Amino acid sequence: MKKTLITIGLSSIIALTGCADKKEDQGLGAKNNAGNPTNVNNPTQYYDEDYRNNDNKSDDFGFTRTNSATIDGRNISNKDASIDREQLSDVISKLSVQIPNVNDAATLVTDEEVLVVYDTNTKDRTETADQVKRTAMSIVPRYYHVYVSDDYQNLAQDVENFSTLKSGSKGIDYTIEQTIKRMLKSPQGYKMSDGENENGEMINDKRDHHDNIHQKMDNR
């Protein structure tokens, strides 16, 4: 009887192993991008699993799994850590026009700032500004600073003009600072938190970014 159970058990293990190998070959199992077998019991073992569906359907969940061993000692380039600014700006604009009383929105996403200029017929400019700003804040990485303005007629084209430029374009920092300075004349909503101002900048640790802008303008 014991021999029979042992035989059945071994047969089951072999069958399961064969199925697992077949799934790996067909791309149905975990994908090990590091080129080594996944071993979660050994924290020093490299593993970088990707469960992405090859169909790339928009309703698929996104999931990645990694640990420090897959990064330590490897050259992680800026390209690896980059974000799609064009896609972020598109999402922010589309979500902004879904806010009550917001009719149009133009959004610029730089390497550390978001500028949103919108057209509105709101009766509460501060509340609408806060909604637009927090919408943008919810989309971009938290280190970003967000500036908004409802002066659509005068500033929308200025923001659009940046679309053909890059972070390394000559004089871009100064030009963006000039635009932000004009945007700050419009309501920016409420403080993000006790430690952050309306634009998501730290209050006590260092001067607000727009204070630095004013200082730079005064020194020129």
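Here is a friendly conversation about a predicted model, covering its largest pocket, helix H2 and Ser 193.

Visitor: Which residues lie nearest the centre of the largest pocket?

Guide: Let's start with the lining, which counts 26 residues. Helix H2 (85-96), strand S4 (102-109) and helix H4 (152-161) are among the elements that each supply at least two of them. Nearest the centre lie Leu 108, Val 109, Thr 110, Phe 162 and Leu 165.

Visitor: How many residues of each class are in the lining of the largest pocket?

Guide: The pocket in question has a volume of about 580 Å³. Sorted by class, its lining has 10 charged, 6 polar and 10 nonpolar residues.

Visitor: Where on helix H2 do the buried residues fall?

Guide: The buried residues of H2 are Leu 88, Ser 89, Ile 92, Ser 93 and Ser 96. Looking down the axis of H2, you find them within an arc of 130 degrees, so they line one face of the helix. Glu 86 and Gln 87 are exposed on the other side. The place asked for, then, is one face of the helix.

Visitor: What covers the buried residues of H2?

Guide: H2 itself supplies at least two residues of the largest pocket's lining. The cover over its buried residues includes S4, strand S5 (113-120) and helix H3 (125-137).

Visitor: Why does Ser 193 count as partly exposed?

Guide: Ser 193 sits in the loop between H5 and H6. Buried means under 20% relative accessible area and exposed means over 50%, with partly exposed in between. Ser 193 counts as partly exposed because its relative accessibility is 30%.

Notes
Residues numbered from 1 in each chain as written. Predicted model: local features only at pLDDT ≥ 70, side-chain atom pairs only at ≥ 80, totals over all residues. Heavy atoms only, no water. 1 Å grid on protein atoms, 1.4 Å probe; cavity = no way out; pocket = protein on both sides within 12 Å on 5 of 7 lines; lining within 4 Å. Points joined across faces, edges and corners; volume = space filled by probe spheres on them. Helix = DSSP H or I, 4+ residues; strand = E, 2+ residues; numbered from the N terminus. Nonpolar A, V, L, I, M, F, W, Y, C, P; charged D, E, K, R; others polar. Buried < 20%, exposed > 50% of the residue type's maximum accessible area, 1.4 Å probe, protein only. Arc of directions from axis to C-beta. Contact = heavy atoms within 4.5 Å.
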